[in-house]
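Please open the model in a viewer and keep the sequence panel beside it. The tour below proceeds by selection, one stop after another.

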Amino acid sequence: MSLNVNNLTVHHGAIRAVDQVSLAVPTGKLAAIIGSNGAGKTTLLRTLSGLNKPTSGTMNWMGESIAGVKPENLVRRGISHVSEGKSVVPELTVRENLLLGAIWRKNSKEAKQSLDEVTTIFPRLGERIEQRSDTLSGGERQMLAIGRAIMAKPKLLLLDEPSLGLAPLVIEQIFQSIRDLTHTMRLTVLLVEQNAMGALKIADLGIVLNLGKVVAVDNAQALINDPAVRAAYLGY
Amino acid sequence: MFQAFNTFLIGITAGSIYALMAISIVLVWRSTRVVNFAQAGMALLSTYVGYEVIQQFDSYWLALPLAMISGALVAALIELVFMRLLLKHSSQGAIASIAPIIATLGLLGVIKAFIGFIWGNQDVNIESPLSNVGFSIGSQTLALSPMKLFILIAVSVLLISLTFVFQKTNLGLALRASAHAPEISRLSGIRVDFVRTFGWALAGAAGGAAGMLQTANGNGALAPDSLEFSLLLAFGFIAAVIGGLDSLLGAVVGALLLGLVLAFVLTYVGGSLVFIAAFLLLVGILIVRPAGIISQRAGRRA
């Protein structure tokens with residue numbers, strides 16, 4: 001198990017946003033965390049990347065604790081977080097946003113190489129490389145946000161609602177690229193989604209969160225077939 | 001015609017010094033979202049350090065870079081021990097956005113008192129290293145002296161270096177990204193706290209240069225209650241706001257515009273109207289372009 005979370009509790013002021021959550025994701029697997037609004041998905045992800053502080057519990061990545069480690073140091077340990085809502089810097093160009101992802105590596109040759117890789121995966125970004133990123137469409141911005149995270153050469157990718165506000169066709173493209181990236185870059189991925197069906201379809205493993213608690217864990221296909229999950233989250 | 005050209009030269013020279021001050025205000029604003037009223041005090045302190053260097057080594061050319069370095073160090077120190085503590089403890093509530101500004105006002109007083117304590121409250125003098133007598137063409141004298149020429153060149157070199165750092169280096173990318181999106185920057189591995197301190201240091205250096213150049217451009221007098229530095233702060237602020245407060249290019253454009261307007265008003269209308277002209281320019285531009293001359297917010301925001 002490369003990512004291990006045990007009895008994790010996180011507070012938002014007085015509210016217990018994440019409540020005694022335990023989960024494990026094996027290396028190279030894509031885990032989808034689904035659940036409705038306010039289930040604690042985003043808080044869980046922000047805690048894993050160091051943006052929020054846990055109240056109690058343990059978090060281990062590759063056998064070492066990551067609790068209390070700052071986000072800027074977690075990147076250096078292979079954890080990249082794409083936060084909610086197309087996390088790009090609008091004032092910077094596409095190229096600058098991508099180079100931002102590789103900035104801690106301090107090796108411009110490697111950064112150039114990664115830039116070529118990312119523009120091969122997302123050709124649209126290559127076409128718009130000198131444009132300011134606030135001129136991009138929503139889907140392109142999401143590609144850019146993922147591209148920036150990939151530029152950091154991560155081993156664990158944390159994705160927060162990449163489908164948010166996108167057209168169905170674009171969502172399908174984004175999900176497909178996430179699936180492909182997981183394989184080709186041998187990533188471990190934690191994907192938080194309200195679009196439960198789309199996420200479970202590409203995931204190996206599904207985790208259902210409700211009011212801060214884990215209510216179901218199974219392989220993704222089994223969750224899709226689970227009548228209770230279908231009724232509550234898949235809508236049929 | 002010749003008088004107009006001379007007025008233009010005076011305006012550009014004054015404007016280029018305002019540009020340094022405006023840039024130092026913009027840099028601090030971008031790094032920590034603090035409007036820094038202590039900037040004039042910090043520039044004054046650096047200029048006093050420059051004065052001290054001149055006393056010891058009798059060289060303005062050595063004093064200028066040392067004043068800039070001391071400006072950078074003082075600014076970094078203030079950010080590190082004072083502002084960081086303040087911003088950490090007053091992050092919520094009604095006065096959260098006001099407290100740091102008030103604090104910089106207090107800091108301005110502290111710095112002035114400190115200067116008086118070390119160097120006394122009497123005027124000291126920095127002699128201009130180059131002639132302040134204008135070049136002459138035939139029988140007429142240009143408003144461009146060797147000193148003014150040096151100021152124009154020095155400011156140009158500083159601005160070009162700054163542009164290079166901001167546009168072409170990783171450090172510049174980190175400075176720009178941290179200013180606009182601190183969280184994404186942290187997630188990308190940037191040590192945002194360090195970048196903020198560095199932003200203050202750059203601002204301190206620019207302020208130090210502005211102080212040294214302004215003093216040599218004027219009558220050379222330096223005092224803790226220097227009117228010249230208060231004006232420098234006021235005009236630097238106006239230029240920064242005209243330029244959009246977030247944009248370095250805007251600060252430079254705003255400063256040159258302000259310098260020219262003030263020079264022409266001074267020559268053709270009268271000295272008593274200079275402040276009204278500065279005020280009218282500020283209000284006028286904010287009415288026409290509320291976000292400043294160079295607005296950062298363009299493009300679509302889906």
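**Stop 1: a helix pair in chain B**

Select helix H1 (residues 2-32) and helix H5 (residues 146-168) of chain B: their axes come within 9 Å and cross at roughly 35 degrees. The model on display is a predicted one. The crossing of H1(B) and H5(B) is left-handed. Two packed helices are described by the angle between their axes and the distance between the axes.

Which residues of H1(B) and H5(B) meet? From H1(B), display B:Thr13, B:Ser16, B:Ile17, B:Ala19 and B:Leu20; from H5(B), display B:Lys148, B:Ile151, B:Leu152, B:Val155 and B:Leu158. Sorted by class, this contact of H1(B) with H5(B) has seven nonpolar, two polar and one charged residues.

**Stop 2: chain B as a whole**

Extend the selection to the whole of chain B, which has 11 helices and four strands. Its radius of gyration is 19 Å, close to the 19 Å that the globule rule gives for 302 residues, so chain B is as compact as a globular protein of that length. The C-alpha trace of chain B spans about 65 × 50 × 35 Å along its principal axes.

Colouring chain B by burial is instructive here: buried residues account for 47% of its 302 residues. A contact map of chain B adds a further view. Of the contacts between residues at least 6 apart in sequence, 72% join residues at least 24 apart.

**Stop 3: where chain B touches chain A**

Now show both chains and select the contact between them, to which chain B contributes 20 residues and chain A contributes 25 residues. On the side of chain B that touches chain A, the elements giving two or more residues are helix H6 (170-180) and helix H7 (182-187) of chain B. H6(B) gives the most to that side, with six residues. By class, the side of chain B that touches chain A has eight nonpolar, six polar and six charged residues.

**Stop 4: a covered helix in chain A**

Keep H6 of chain B visible and select helix H3 (residues 94-101) of chain A. Is H3(A) mostly covered or mostly uncovered? H3(A) is mostly covered, seven of its eight residues being buried. These buried residues are A:Val94, A:Glu96, A:Asn97, A:Leu98, A:Leu99, A:Leu100 and A:Gly101. Their cover includes helix H4 (108-121), helix H5 (123-127) and helix H6 (138-151) of chain A, together with H6 of chain B.

**Stop 5: the four-stranded sheet of chain A**

Select E2, E1, E4 and E5 of chain A, which form an open sheet in the order E2-E1-E4-E5 with antiparallel pairing. E2 and E5 of chain A stand at the edges, each with a single partner strand, so one side of each is left without a neighbour in the sheet.

Follow the pairings across the sheet:

- E1(A) and E2(A) run antiparallel and are joined by seven bridges; in E2(A), A:Val25 is the bridge partner of A:Leu3.
- Strand E1 (residues 3-12) and strand E4 (residues 56-61) of chain A pair in the antiparallel sense over five bridges; in E4(A), A:Thr58 is the bridge partner of A:Asn6.
- E4(A) and strand E5 (residues 64-65) of chain A pair in the antiparallel sense over two bridges; in E5(A), A:Ser65 is the bridge partner of A:Asn60.

The hairpin of E4(A) and E5(A) has two residues between the strands, and A:Met62 takes a positive phi near 55 degrees there. Next, add helix H1 (residues 41-48) of chain A, which lies across E1, E2 and E4 of chain A and runs at about 65 degrees to E2(A).

Then centre on A:Pro26, in the loop between strand E2 (15-25) and strand E3 (30-34) of chain A. A:Pro26 is exposed, because only 12 or fewer other C-beta atoms within 10 Å qualify a residue as such and A:Pro26 has 12. A:Pro26 and A:Trp61 are 35 residues apart in sequence and 11 Å apart in space, C-alpha to C-alpha.

**Stop 6: the six-stranded sheet of chain A**

Finally, select the six strands of chain A that form an open sheet in the order E6-E7-E8-E3-E9-E10, with mixed pairing. Strand E6 (79-82) and strand E10 (213-219) of chain A stand at the edges, each with a single partner strand, so one side of each lacks a neighbour in the sheet. From one strand to the next, the twist averages 15 degrees.

Within this sheet, E3(A) and strand E9 (residues 205-210) of chain A run parallel and are joined by four bridges. To inspect this pairing, display A:Ile34 and its bridge partner in E9(A), A:Val208.

Key
Residues are numbered from 1 along each chain as its sequence is written. Chains are lettered from A and ligands numbered from 1 in the order in which they are written. This is a predicted model: local features need pLDDT of at least 70, side-chain atom pairs count only at pLDDT 80 or more; totals for chains, interfaces and linings use all residues. Two strands pair if DSSP finds at least two bridges between them. Two residues are in contact if their C-beta atoms, placed from the backbone, lie within 7 Å. Ala, Val, Leu, Ile, Met, Phe, Trp, Tyr, Cys and Pro count as nonpolar, Asp, Glu, Lys and Arg as charged, and the others, Gly among them, as polar. A residue is buried if 20 or more other C-beta atoms lie within 10 Å of its own, exposed if 12 or fewer, and partly exposed in between; C-beta atoms are placed from the backbone. Axes are lines fitted to C-alpha atoms, for helices over the stretch in contact, and angles run from 0 to 180 degrees between N-to-C directions. A crossing is left-handed if the near helix is turned anticlockwise from the far one by less than a right angle, and right-handed if clockwise. The radius of gyration is taken over C-alpha atoms; the globule rule is 2.2 Å times the number of residues to the power 0.38.
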